[in-house]
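Take a walk through this structure, one site at a time. Start from a single residue and work outward from there.

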Amino acid sequence: MTAATLTAPSVQQPRRVERLIAGQPTSDGAGVKLTRVLTQDLQRRLDPFLMLDAFGSDNPDDYIAGFPDHPHRGFETITYMIAGRMLHRDSAGHEGLLENGGVQWMTAGKGVIHSEIPQQEAGVMEGFQLWLNLPGRDKMNAPWYRDFKNAELPRFTTPEGVGVTVIAGESHGVAGAVTRETTAPVYLDLHFQTGATFAQALPATHNAFVYVYRGEVTVGGQRVPAQRMALLANEPGSDGVVITASADAKALLIAGRPLNEPIAQYGPFVMNTKEEIYQALNDFRDGRLGEESHRA
Ligand code: CO
């Protein structure tokens, strides 16, 4: 994609940062150490996003056991592996090796049981897992899954020198690997050179955040250091976000249209009501979750 074919957005009233969030160190799966950047208490504020985990370690003890068989129902998981290799297998018969900049987009829908296991015994493992909610009417749809190798992801460089990977949504006229009509997610990985500025148009009502994973950026006059999430304000009239880096930096920009539906979560099940959660637990217990594909 050459600069000539890009359409730079004009952002007149950029968003400011509402607050900075450090995330919580935790462990999940079979003891994988990670930072939960988007925690449960932010689900309403950052609707339609339910969770963002950042994992990164060069100590195999922190990641080697991975995430053995576990279920999901009612939402989508997007795993972006910056470094390292993770093997994925699920009850719908899918299997894929996620590595070095690849993305796995999985729509759990009415249910999958899957495992996510590191395929390396040394070296750095780094990546992110984002949970994107599904509207109530789609929660019991059939599961869907796709792996994107790094080279398959839409990518461009702005005239200002910002490298952009468009995992979801649209940026500068470039369509992302995945688009979703209801939640309209935007998921960009931005690589800044020193002094570069990046602008993205965003509807004021869409919830949005920036997570910096290298260096430091400035958003609306607020410095955002590495390992911090900047939650962007939804002021009426704002038409986008402008991000500047005073030195080399890498950041994720994530935004989406809120569903404004009730959120009922119990671990890996996210539905609208308590009754639907009980149903999910019963279906899982009775072997009915993800059954039609792998127990046939
Ligand atoms: Co999972």
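Asn-133 is buried, because its relative accessible area is 5% and the cut-off for buried is under 20%. Keep in mind that this is a predicted model. Asn-133 sits in strand β11. What does its side chain touch? It makes a polar contact with the side chain of Lys-139, at 2.7 Å. Lys-139 also appears among the contacts of Asn-133 that lie more than four places away in sequence. Others on that list are Pro-48, Leu-50, Gly-74 and Phe-75. Thr-183, Leu-259, Ile-263 and Val-270 complete it.

Now turn to the metal. Which residues coordinate the cobalt ion? His-70, His-72 and His-114 do, each through its NE2 atom, at 2.1 Å. Along the chain, these donors follow the spacing H-x1-H-x41-H. The site therefore joins distant parts of the chain: His-70 belongs to strand β5, while His-114 belongs to strand β10 (residues 112-118), and 44 residues separate the pair.

Are these two residues buried or exposed? His-70 has a relative accessible area of 17%, so it counts as buried. His-114 is buried as well, with a relative accessibility of 0%.

Next come the open spaces. Rolling a probe the size of a water molecule over the atoms reveals where empty space remains. The largest pocket holds about 390 Å³ of space. Its lining is made of 24 residues, and the closest to its centre are Asp-28, Arg-36, Met-51, Asp-53 and Trp-131. Which strands build this lining? β3 (32-38), β4 (49-57), β5 (67-72) and β11 (125-133) each contribute at least two residues. Strand β11 is also the strand of Asn-133, and β5 carries His-70. Sorted by class, the lining of the largest pocket has 10 nonpolar, 10 polar and four charged residues.

The second largest pocket has a volume of about 200 Å³. It is lined by 16 residues, and Thr-35, Ala-54, Phe-55, Gly-56 and Gln-227 are the closest to its centre. Strands β3, β4, β11 and β19 (207-214) each give two or more residues to this lining. Which element gives the most? That is β4, with four residues. By class, the lining of the second largest pocket divides into seven nonpolar, five polar and four charged residues.

Definitions and conventions:
Residues are numbered from 1 along each chain as its sequence is written. This is a predicted model: local features need pLDDT of at least 70, side-chain atom pairs count only at pLDDT 80 or more; totals for chains, interfaces and linings use all residues. Side-chain values use heavy atoms; hydrogens and water are left out. On a 1 Å grid over the protein atoms alone, a cavity is a set of points where a 1.4 Å probe fits but cannot get out, and a pocket is an open set with protein on both sides within 12 Å along at least five of seven lines; lining residues have an atom within 4 Å of a point. Grid points are joined across faces, edges and corners, and a volume is the space filled by probe spheres set on the points. Ala, Val, Leu, Ile, Met, Phe, Trp, Tyr, Cys and Pro count as nonpolar, Asp, Glu, Lys and Arg as charged, and the others, Gly among them, as polar. Donors are N, O and S atoms within 2.8 Å of the metal (3.2 Å for Na, K and Ca); water is not among the atoms, so sites may look incomplete. Buried means under 20% relative accessible area, exposed over 50%, partly exposed in between (1.4 Å probe, protein chains only). A polar contact is a pair of N or O atoms within 3.5 Å; within protein, one must be able to donate a hydrogen and the other to accept it, and residues adjacent in sequence count only if both atoms are side-chain atoms. Contact means heavy atoms within 4.5 Å.
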